[in-house]
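Trainee: I've just opened this one and don't know where to start. Could you walk me through it?

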Amino acid sequence: MSGHYPGIDMAALSALAEPNRMQIVELLRDGPLTVGEIADRLGLRQPQASKHLKVLSDSGVVEVKADANRRIYKLRSEPFTNLQTWVKSFRHVWEERFDNLDNYLQELQSKDTDKDG
């Protein structure tokens, strides 16, 4: 995808589009996890999990903290806040369309009532 979309990070969206990475994000919703824990829960080999976590980290979706010999991953809130703001920007459009549909249905109902009367 090319172009600039204010309020959303295309790298983050692209990272989330891959099913394993989306599952990792779902796991991390409950709190930070190590690479090993993520790999075990998803039935992945550790190198596969690490590869997905690198993409999520590079795109800003997760952050990593070194703790002795372990690497602990957790979600960053910013990409999700930005995505929520972007989605909310469509709300007025959806509401207007629903209002138009409601008006049209009321118009159709009144025509049917006129025919019956």
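Mentor: Sure. Helices here are DSSP runs of H or I with at least four residues, strands are E runs of at least two, and both are numbered from the N terminus. Keep in mind that this is a predicted model.

Trainee: Okay, so in what pattern do the helices and strands follow along the sequence?

Mentor: There are six helices and three strands to place. Reading along the sequence, you get α-α-β-α-α-β-β-α-α.

Trainee: And is the protein a compact globule or more spread out?

Mentor: Look at the C-alpha trace: along its principal axes it spans about 80 × 30 × 25 Å. The globule rule gives 13 Å for 117 residues, but the radius of gyration is 22 Å, well over that, so the protein is more spread out than a compact globule.

Trainee: Let's do the strands. In what order do they sit in the sheet?

Mentor: It's an open sheet of three strands with antiparallel pairing. β1 (33-34) and β2 stand at the edges with a single partner strand each, so one side of each lacks a neighbour in the sheet. That gives the order β1-β3-β2.

Trainee: How many bridges join β2 to β3?

Mentor: β2 covers residues 62-67 and β3 covers residues 70-75, and they run antiparallel. Among the pairs, Glu-63 has Lys-74 as its bridge partner, and Ala-66 stands opposite Arg-71. The number of bridges joining the two strands is six.

Trainee: Which residue in the hairpin turn has a positive phi?

Mentor: β2 and β3 form the hairpin, with two residues between them. The phi in question is about 55°, and it belongs to Ala-68.

Trainee: Now the helices. At what angle do α2 and α3 pack?

Mentor: α2 is residues 19-28, α3 is residues 35-42, and their axes are 11 Å apart. They pack at an angle of about 115°. That makes α2 roughly perpendicular to α3, because 65 to 115 degrees counts as roughly perpendicular. As for handedness, α2 passes α3 in a right-handed crossing, and the angle you asked for is about 115°.

Trainee: Which residues in α3 does α2 meet?

Mentor: From α2, the residues involved are Asn-20, Gln-23, Ile-24, Leu-27 and Leu-28. By class, this contact has five nonpolar, two polar and one charged residues. On the α3 side, the residues are Ile-38, Arg-41 and Leu-42.

Methods
Residues are numbered from 1 along each chain as its sequence is written. This is a predicted model: local features need pLDDT of at least 70, side-chain atom pairs count only at pLDDT 80 or more; totals for chains, interfaces and linings use all residues. Side-chain values use heavy atoms; hydrogens and water are left out. Axes are lines fitted to C-alpha atoms, for helices over the stretch in contact, and angles run from 0 to 180 degrees between N-to-C directions. Angles under 35 degrees count as roughly parallel, over 145 as roughly antiparallel, 65 to 115 as roughly perpendicular and the rest as oblique. A crossing is left-handed if the near helix is turned anticlockwise from the far one by less than a right angle, and right-handed if clockwise. Contact means heavy atoms within 4.5 Å. Ala, Val, Leu, Ile, Met, Phe, Trp, Tyr, Cys and Pro count as nonpolar, Asp, Glu, Lys and Arg as charged, and the others, Gly among them, as polar. Two strands pair if DSSP finds at least two bridges between them. The radius of gyration is taken over C-alpha atoms; the globule rule is 2.2 Å times the number of residues to the power 0.38.
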